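Biologist: Before I rely on the terms used for this protein, I should like to see how each is justified. Could we take them in turn?

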Amino acid sequence: MPIEIPTDLTPELVPLSWLLGTWKGAGRLGTGEDDSEYFTQTVTFSSNGLPYLQYSAQSWLTDEHGAILRPLSVETGFWQLDRPMNDSDGGPGLIPADIVPALRTADDVEALRNADGGFDIMANIVHPGGISELYYGSIKGPQIQLSTDAVMRGAGAKSYTAATRILASSTATFTGAGMWLRRANHWPHMPPLPCTKFPRSPNWFKHDGGSGHRPL
């Protein structure tokens, strides 16, 4: 299915535009052993016209048939190209952005390509329980790799030091690994979570190629 780029999307979000929409998928916790619990997740990326994507993800424990048992986790944040902020950008706080974006044309965005032919990105992700993460990484076409640069923990937060996220898209199918809080080299790695994207049109796309892809 072709990727639809909204006509009102600010130019610097075009490299991230394939993320826009709602993704749903199901998998198993841990490394997928017979006693691993089942879960499902909904991930949403949206744009409000400013040069970042708003991100939210919510997960639930399920039975083996996909029936929801109870909430599992929730996280929210912002994803954007990694570039110096300038006077055209909004913030901090209620300082408004200029009506003309900092990057006005495709050529302005192309100038940010890195040595690997992709773009440097960053993501701020916040979790309940006093944990906030700052990720840096890169996006090259439909592939994203992110690693934590900093983790802020409240005085009563659980021990947690680092994480890696790897995302990839094939047509309308989205797979992610490391989409969950884990302590690097300590918590077991999550297997890839196959997800199906719900496009903006009423007739949503269903991937029937196996590998666990299914709608909720």
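Modeller: Certainly; please bear in mind that this is a predicted model. Let us begin with Glu-37, which lies in the loop between β1 (21-28) and β2 (38-46).

Biologist: Why is Glu-37 called partly exposed?

Modeller: The relative accessible area of Glu-37 is 44%. Buried means under 20% and exposed means over 50%, so Glu-37, at 44%, is partly exposed.

Biologist: Which residues form the negative surface patch?

Modeller: The patch is formed by Glu-33, Asp-34, Asp-35 and Glu-37. Patch members need over 30% relative accessible area; Glu-37, with 44%, meets that cut-off.

Biologist: What makes the contact of Glu-12 with Arg-83 a salt bridge?

Modeller: The closest N and O atoms of Glu-12 and Arg-83 are 3.0 Å apart. The cut-off is 4 Å between a side-chain nitrogen of Lys or Arg and a carboxyl oxygen of Asp or Glu, so this pair qualifies. Glu-12 lies in the segment before β1 and Arg-83 in the loop between β4 and α1, so the pair ties together parts that are 71 residues apart in sequence. Glu-12 and Arg-83 are also linked with Asp-89 in a network of salt bridges.

Biologist: How do you know whether Glu-12 and Arg-83 are buried or exposed?

Modeller: Glu-12 has 2% relative accessibility and Arg-83 has 9%. Buried means under 20%, so Glu-12 counts as buried, and so does Arg-83.

Biologist: What makes Arg-165 and Glu-75 a salt bridge?

Modeller: Their closest N and O atoms are 2.8 Å apart, and the limit is 4 Å; the pair therefore qualifies. Arg-165 lies in strand β8 (residues 164-170) and Glu-75 in strand β4, so the bridge ties together parts that are 90 residues apart in sequence. Both Arg-165 and Glu-75 are buried.

Biologist: Why are Arg-113 and Glu-110 called partly exposed?

Modeller: Arg-113 has a relative accessible area of 39%, and Glu-110 has 40% relative accessibility. Partly exposed lies between the 20% and 50% cut-offs, so the term applies to Arg-113 and to Glu-110. Their side chains meet in a salt bridge at 2.7 Å, N to O.

Biologist: Which residues have the most contacts inside the largest nonpolar core?

Modeller: They are Leu-19, Phe-45, Leu-53, Trp-79 and Ile-144, in a core of 29 residues. The largest share of this core, four residues, comes from β5.

Biologist: What makes the peptide bond between Gly-91 and Pro-92 notable for its geometry?

Modeller: The bond joining Gly-91 and Pro-92 is cis, with omega about 0°. Pro-92 is in the loop between β4 (68-81) and α1 (106-110).

How values were computed: Residues numbered from 1 in each chain as written. Predicted model: local features only at pLDDT ≥ 70, side-chain atom pairs only at ≥ 80, totals over all residues. Heavy atoms only, no water. Helix = DSSP H or I, 4+ residues; strand = E, 2+ residues; numbered from the N terminus. Patch = residues over 30% accessible without salt bridge, like charges linked within 9 Å, V, L, I, M, F, W, Y side chains within 5 Å. Areas by Shrake-Rupley, 256 points an atom, 1.4 Å probe, with all protein chains shown as cover. Lys, Arg positive; Asp, Glu negative; His and termini not counted. Charge placed at Lys NZ, Arg CZ, Asp CG, Glu CD. Buried < 20%, exposed > 50% of the residue type's maximum accessible area, 1.4 Å probe, protein only. Core = buried A, V, L, I, M, F, W, Y, C linked by side-chain atoms within 4.5 Å.
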